[in-house]
Amino acid sequence: MAKEIYIPKLGQTMEQATIARWLVEDGAQVSEGQPILEVETDKANFGIEANASGYLHVGPYKKGDVLPVLTVVAVIGKPEDKFDAKLAKETKAAKEDGETIQAQAIAIASVAADVGRVFASPRARKLAAENGVNLALVTATGGDGQRVVERDVLTYLSALPKVTPVAQRLATVVGLDWRTLTGSGAQGKVTKKDVERQLAAPAPTQLSGVEVVERVPLEGVRGIIAERMAASAHTTARVTLFMEVDTTEFVTMRERLKARVADAWGFAPGYSDLLAKIVATALRQFPYMNARLAPDAIERLAHINVGMAIDTERGLLVPVIRDADKKNLRQLSAEFRELVGRARAGKAMPDDLTGGTFTITNLGMHDVLAFTPIINLPEAAILGVGCITPKPVVREEQVVVRQMLLLSLVFDHRVVDGAPAARFLQHIKALIEEPYLLVAEMGGAP
Amino acid sequence: MSDHAFDVIVIGGGPGGYEAALRAAQFGMRVGLVEREFLGGVCLNIGCIPTKTLLRNAEIVELLHRGKEFGFSFENLRLDYEIAYTRSRQVSDRLVQGVQFLMQVGKIDVFQGVAKLRSATQVDVTFMPEATAVNGKKFDGTLDAKNIIIATGARSRSIPGVEIDGERIITYREAIHLRQVPQSIAIIGAGPIGMELGYVFRCYGSEVTLIEMMPNILPLEDEESSAEVAKAFDHLGIKLLTNARVEAVIRTGEGVQVRANGQIVNTEKALVAIGFLPNSENIGLENVGVRVERGAIVTDENMRTNVPNIFAIGDVTAKLMLAHVASAQGIVAAETIAGMQTIGLDYGAVPRCTFCHPQVASMGLTEKQAFAQGYQVKIDRFPFQANGKALGLGEPDGFVKVVSDARCGEILGVHMVGPDVTELLPEYVLARNQELTLHEIARSIHAHPTLSEVLAKVADRPTFSGGRT
């Protein structure tokens, strides 16, 4: 029997993927483990491998199609097998190979995606049909949560965005989709004013007719970067603190560590690893920096997940080291290496790149002295790291040469005030200048 | 907190001030209210409420005169206006006591006196012993207030060169207290007050002349409404002079002489009802720099003045000088002070009522205004002539007219003349407020046989474009 190839759910937040390209032609012979398809999520590209050897029969999907996770996209079988058109409408239910797939997430997603299998009462079906409601999106409360009943559809309808008749008609007249508007009326109802406000909004600026040699579409990683950076720059109340740090001891420590552990660990810990460890330690001391802004509150976060901005061929990516404060240097460095490896190879799992609570970005290797990075929303701050340079400084009234570094902490003043942010940065400075203090603050390994 | 420190001090106890005070008290704030004359303001004491009582009497009188039509007859019909007057006072007193009771329930400290701002957080109060209708505290001194709501109302405007003597040349203040109707009266200004009092006096036998400077009586209403009422008033025997600018009002031997546009009207009394001026003077606004334009206090849509903790509501803001506007603004101000979510008023959805017979009720733009503002105007009309209930009542005159935007169906204005139309208007206010179109009104079933059927009938007009959704 033919084996089905489907889009796996590779992370908690992953709900759909875009077909990036087919690596094998329809009808070609493939062997198990061979990459056959590349798909793209909003976070990263990843490959899908053949789960059997045989002949590949591709479904009616082409580059650019956006598909929900667990959609069956191809089958592998005998040369005479065909991709059953019925499969195109179906999606995969829970699969036995649970290595990367989280069983629970699949159970939810399969119910949500599989319209044909929703159990619903006739009245619920009638009401849903009248109102164009996708029953799969309705939370069932009948039959122990298995069966959608009429009141579930009503609850669903009542939670949908509302529009006044005048606003709806005006939107139709001017060719605007009112569902895209934010309602200012009672309970978020879209009113005539909301439609008019949208109409009055300035149209996107026309670019002048200069010669263009290449167009990089704002999609995938590029699109996400453009959107996130603009959102951050427009919404946060950014303040930057600069602090000069003497890294002489820190450099010495790193050199000695390198000499002592490189053979045993199989790699030498770098400045980035050490900085991640220092920042994670400092975040534990200053929990108000490990926070985010919700619409109605500042939320301090339970886990310290340090994001490390890295440059890849496809653009900026930020792999996240989870619970960085609880990992020892070796675990942290090894994990970071894996994350960077996957990200650079375009094989990052969506969860590799989400859930950060604080970001470090280092441009020191490019001789940058200091800079003011953009906060990675919804985080509260980002630490910019410049290059370590030997500089004459005054120590005990003598001019001596020390290894100096400029740190820039950009924080969102809506979340943190200047003095508390400065104290956090001072603590990082202290840990860099006197790295043995790390021992004093070391947390237990998990 | 000291006895004289408040979260909110409200200056003025009219329908704006007492509603604001009550709402603020409901939010748990400590509220003081200073009133110099009477709780309930002009509205309850010498305005809306007593006139509505007198108008009920007048309507019955008019009906009695239609005995032949309905098949009853009587001899020696005597009309005692003094009893109508006494009834109007009883109704007024009852409501004023009701407000006093509400103030007690809300634990609002009522001060019987004149208020003046000393600073943005201090109000000087001078006790007014004669203002017994306030029934408030005897206090001379300074109150501290975190927030102040100014609700001082408005007063009658006079004609330049005309001296109101309160005896023969009077305003509504004296007119409401007349124990007998004058034999003849010239009413200057055919707005709601002039129309209502003119109707009352005429029903009780006065020779009434209405003098209006503008081309139509009820000049703020849609022209069709004005014309319909003019027809009815003419039938009642009220003389209407329009396009008539008053040049002089002179006391003569027995009465007064009004000269308007070359015409001379000799009457027993003259009533000046040409409009109102905001009471923005002598309350210390200059001490704190509250911005005033053309006599009216300037506010934002949450009724906040340029001084952040000072609010102004009602006639003193001169937005739409109506009691229910003042009350609604008072609630917005109180909610704003309490930090609650609030919604500013849509002045295009404010009901306007004139209670003469036939009644006039309207909201929003007139047909002319809608055209002038560039809308694609759609007009729908339906007459009470075709309504069974109206015919049964013997009230077949009048109509409902709806001005809407043909493009998106927005209801821009509604104009009604006829039986109890002031009670029919709210359906359209709600519709306008919730941005409903005529389609939704037409599809709401209206009971048969009621006057309200007209509201659905006027809305139920299939059109060639936009009728289907």
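Visitor: Why is Arg251(B) called partly exposed?

Guide: In this predicted model, Arg251(B) has a relative accessibility of 39%. Buried means under 20% and exposed means over 50%, with partly exposed in between, so Arg251(B) counts as partly exposed.

Visitor: What makes Asp165(B) and Arg251(B) a salt bridge?

Guide: Their closest N and O atoms are 2.4 Å apart. The cut-off is a side-chain nitrogen of Lys or Arg within 4 Å of a carboxyl oxygen of Asp or Glu, so the pair of Asp165(B) and Arg251(B) is a salt bridge. Asp165(B) is partly exposed too, with a relative accessible area of 26%.

Visitor: Why do you say that this pair ties together parts of the chain?

Guide: Asp165(B) lies in the loop between β6 and β7 of chain B, while Arg251(B) belongs to strand β11 of chain B, so the pair ties together parts that are 86 residues apart in sequence.

Visitor: What makes a group of salt bridges one network?

Guide: Here it is the sharing of partners: salt bridges join Lys192(A), Glu196(A), Asp346(B), Glu410(B) and Arg432(B) into one network.

Visitor: Which salt bridge is formed by Glu410(B)?

Guide: Glu410(B) pairs with Lys192(A), and the closest N and O atoms are 2.5 Å apart. With a cut-off of within 4 Å, that pair counts as a salt bridge. The count between chain A and chain B is 1 salt bridge.

Visitor: How many residues does each chain bring to the contact?

Guide: Chain A brings 12 residues and chain B brings 12 residues. The area buried between the two chains is about 1,100 Å², with carbon and sulfur atoms giving 57% of it. On the side of chain A, Val166(A), Arg169(A) and Lys192(A) supply 52% of the area buried against chain B, more than any other three residues.

Visitor: Why can side chains pair up like this at all?

Guide: Side chains of opposite charge can pair when their charged atoms come close. A search of the whole structure finds 47 salt bridges over all chains.

Visitor: What makes Arg56(B) and Glu59(B) a pair about one turn of the helix apart?

Guide: Both residues lie in helix α3 of chain B, 3 residues apart, which is about one turn of the helix. Their closest N and O atoms are 3.8 Å apart, and the cut-off is within 4 Å, so Arg56(B) and Glu59(B) form a salt bridge. Arg56(B), at 48%, is partly exposed, because exposed begins over 50%. Glu59(B), at 24%, counts as partly exposed as well.

Visitor: Which parts of chain A are linked by Arg123(A) and Glu150(A)?

Guide: These two form a salt bridge with the closest N and O atoms 2.9 Å apart. Arg123(A) is in helix α3 of chain A and Glu150(A) is in helix α4 of chain A, 27 residues apart, and the pair links distant parts of the chain. Arg123(A) counts as exposed at 57%, whereas Glu150(A) is partly exposed at 26%.

Visitor: How do you know where empty space is left inside a structure?

Guide: Rolling a probe the size of a water molecule over the atoms shows where empty space is left. In the whole structure, the search finds 1 cavity of 30 Å³ or more. Its volume is about 40 Å³.

Visitor: Which strand gives the most to the lining of the largest cavity?

Guide: β21(A) does, with 3 residues. Among the residues of the lining are Glu244(A), Lys391(A) and Leu405(A). By class, the lining has 5 nonpolar, 1 polar and 2 charged residues.

Visitor: What makes Asp367(A) stand out?

Guide: The phi of Asp367(A) is near 65°, a positive value in a residue other than glycine. Asp367(A) sits in the loop between β18 and β19 of chain A. Its relative accessible area is 65%, and exposed means over 50%, so Asp367(A) is exposed.

Visitor: Where is there a cis peptide bond in that loop?

Guide: The bond from Leu377(A) to Pro378(A) is cis, with omega near 5°, and Pro378(A) is in the loop between β18 and β19 of chain A. In chain B, a cis peptide bond joins His357(B) and Pro358(B), with omega about 0°.

Definitions and conventions: Residues are numbered from 1 along each chain as its sequence is written. Chains are lettered from A and ligands numbered from 1 in the order in which they are written. This is a predicted model: local features need pLDDT of at least 70, side-chain atom pairs count only at pLDDT 80 or more; totals for chains, interfaces and linings use all residues. Side-chain values use heavy atoms; hydrogens and water are left out. Helices (H or I, at least four residues) and strands (E, at least two) are DSSP runs, numbered from the N terminus. Buried means under 20% relative accessible area, exposed over 50%, partly exposed in between (1.4 Å probe, protein chains only). On a 1 Å grid over the protein atoms alone, a cavity is a set of points where a 1.4 Å probe fits but cannot get out, and a pocket is an open set with protein on both sides within 12 Å along at least five of seven lines; lining residues have an atom within 4 Å of a point. Grid points are joined across faces, edges and corners, and a volume is the space filled by probe spheres set on the points. Ala, Val, Leu, Ile, Met, Phe, Trp, Tyr, Cys and Pro count as nonpolar, Asp, Glu, Lys and Arg as charged, and the others, Gly among them, as polar. Contact means heavy atoms within 4.5 Å. Buried area is the accessible area (1.4 Å probe) that two parts lose on being put together, summed over both.
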